[in-house]
Amino acid sequence: CGRAMRHAPGDGGECGRVRLGEEEEEDCSRKHITTMPFLTFPEQTGRFAVGQCDIMWQSRQENGKEQTKMVVRLFYPVMPEDASKAEKAAWLPDQYGANSYSYAQAYARFFWKPGITASLVGTLGFLPLMSSVKTLTYDHAPLAQGMTFKTIIYSHGLGGNRSCYSAVCTDLASHGYFVIAAEHSDGSACLSVLPDKTVVEHKIVPGKALIPQRPKRIPRGFTESLIPEQQPKTLTQFELRNGQLSHRVSEVVFLLDCIEKLNAKIDTDIVPLPECLADLPGRIEVDHIGVMGHSFGASTAVASSFEDVRIKACIAHDAWLFPLSLETIRAVPRVPTLFLTADTFDYLWPGEGRKVINGYMSRSKPHGVYIHAAHVKGTFHQNYSDFPILAPDITQAIGVSGQNPEESMKVIVQLDSCFFDHYLGQGKEAKDKWRCPEEFRDAIDHKDSEEDIFDDSHNDIKIGVFTNDRNHYQMPEANQV
């Protein structure tokens, strides 16, 4: 979900038919804004009801190798007649790992610096609101029978977690997908707490090109600088974020391993399933796996698509491409990819992100890999997350959401399912080029590998140049493509 909120800046069924509504004459008036629903989710567009549960998976403990542990949220298809047998699921994590109070406080610490203000906002503001939110999913509902499942791994953005993209994940599951929402342990999540009470808090990073590291106290020393070479070296923003990206990609690869183990019913002691998913093994289509994410999660999805051949398609929601390595930016895309962008696209890495997409488009064309990009009109960076849906008044008032977040989300989720239905499908159509349905033409600007999305520029990408800094500091050693 990106710290940007603090600034103003399948089952093979038919694709849904929806377009953004016409702007009203007084679309900025308070009357227009306050008629929107509050703390509710829009109905999913697929034919299935959706189940939800949280689970922890881990790798086998091996000598000399760090053990991977992750809590994930699973979204999966449920037959509508079985949904009534379960209760509606909570949006915030509650019983598995940390409780909703901890996550409400974590969101407050992310949006405001830690301290008394964040504590009060979390306790008196976020908690009463967020703890009452119910999704349209059903807690531990029985898995739909008589079908196999294509799988999607979702990677959250900065300050996000496994819950705050529930609208997107729920809608995909309603189309028959088995969706795994990751909660990364690199310090980019607002909070991650495992059932064994391992806690990873959000790593607060100043918006500066150079990130000083906290000095280490020398044992029995009089000062902290007696031995300067033993002190942590200053990191650049790129070095820090690229390091986090590498960690995130390794976790996506871990989840791919878990999918194979689940399907083969291997290592069930470390990759367990809840009782409601007991008959999932053997029903996962391991040759039809997609990956997607938002912001930092979108760059994680893109980087992962280069890393592991088990990934067959990728969707990037308003991607923050700054953390990508020079090697990844210069590479030829391996899988079909859809970049969905917002009106505020690229402000997180001004001017450079669009060059990366253009480069992917031009290099993929001779290799028969289709790269698509669509600007969803009237959306801001946060419109790809749950927050503008749950609190449209507030997110519009502070300038992080477009005027009709529910209609925007309908366009986004149906583009997602159409794209994955095509490229994760079986047969000849999966090898053909995806065409954006005509019903979305009024809602988006769509380009693909035959045509640049923004302009003809995809050279001179300033790798490692962090221009969010107020002083627009540019690293003198920055590489250029």
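This report covers one helix, the largest cavity and the aromatic contacts of a predicted model.

## Helix α12

Helix α12 runs over residues 405–423, 19 residues in total. From its first C-alpha to its last it spans 27 Å, close to the 27 Å expected at 1.5 Å a residue. Most of α12 is covered, with 17 of its 19 residues buried.

## The largest cavity

The largest cavity holds about 110 Å³ of space. It is lined by 13 residues, and those closest to its centre are P42, E43, Q44, A167 and D171. Two elements, α5 (166–174) and α12, each give two or more residues to this lining. Helix α12, mostly covered, is thus also part of the cavity wall.

The element that gives the most to the lining is α5, with four residues. Sorted by class, the lining of the largest cavity consists of six nonpolar, four polar and three charged residues.

## Aromatic pairs between distant parts of the chain

There are twelve aromatic pairs in the structure. One of them joins W91 and F387 in an edge-to-face arrangement, with 6.0 Å centre to centre and 85 degrees between the planes. This pair links distant parts of the chain: W91 lies in the loop between β3 (88–90) and α3 (100–111), F387 lies in helix α10 (residues 387–390), and the two are 296 residues apart. W91 counts as buried because its relative accessible area is 1%, under the cut-off of 20%. F387 has a relative accessible area of 8% and is buried.

Another aromatic pair is formed by F306 and Y360. Their rings are tilted, at 40 degrees between the planes, and lie 5.6 Å apart centre to centre. This pair also links distant parts of the chain, with F306 in helix α7 (residues 296–307) and Y360 in helix α9 (residues 353–364), 54 residues apart. Which of these two rings belongs to a buried residue, and which to a partly exposed one? F306 is partly exposed, because its relative accessibility is 23% and the partly exposed class lies between 20% and 50%. Y360, at 2% relative accessibility, is buried.

## Ring cluster and a charge over a ring

Y177, F419, F420, Y423 and W434 are linked into a cluster by ring pairs.

A further contact involves a charge and a ring: the charged end of R248 sits over the ring of F296, at 4.4 Å from the ring centre.

Note on methods
Residues numbered from 1 in each chain as written. Predicted model: local features only at pLDDT ≥ 70, side-chain atom pairs only at ≥ 80, totals over all residues. Heavy atoms only, no water. Expected span 1.5 Å × (residues − 1). Buried < 20%, exposed > 50% of the residue type's maximum accessible area, 1.4 Å probe, protein only. 1 Å grid on protein atoms, 1.4 Å probe; cavity = no way out; pocket = protein on both sides within 12 Å on 5 of 7 lines; lining within 4 Å. Points joined across faces, edges and corners; volume = space filled by probe spheres on them. Nonpolar A, V, L, I, M, F, W, Y, C, P; charged D, E, K, R; others polar. Phe/Tyr/Trp six-rings, centres within 6.5 Å; stacked < 30°, edge-to-face > 60°. Lys NZ or Arg CZ within 6 Å of the ring centre and 35° of its normal.
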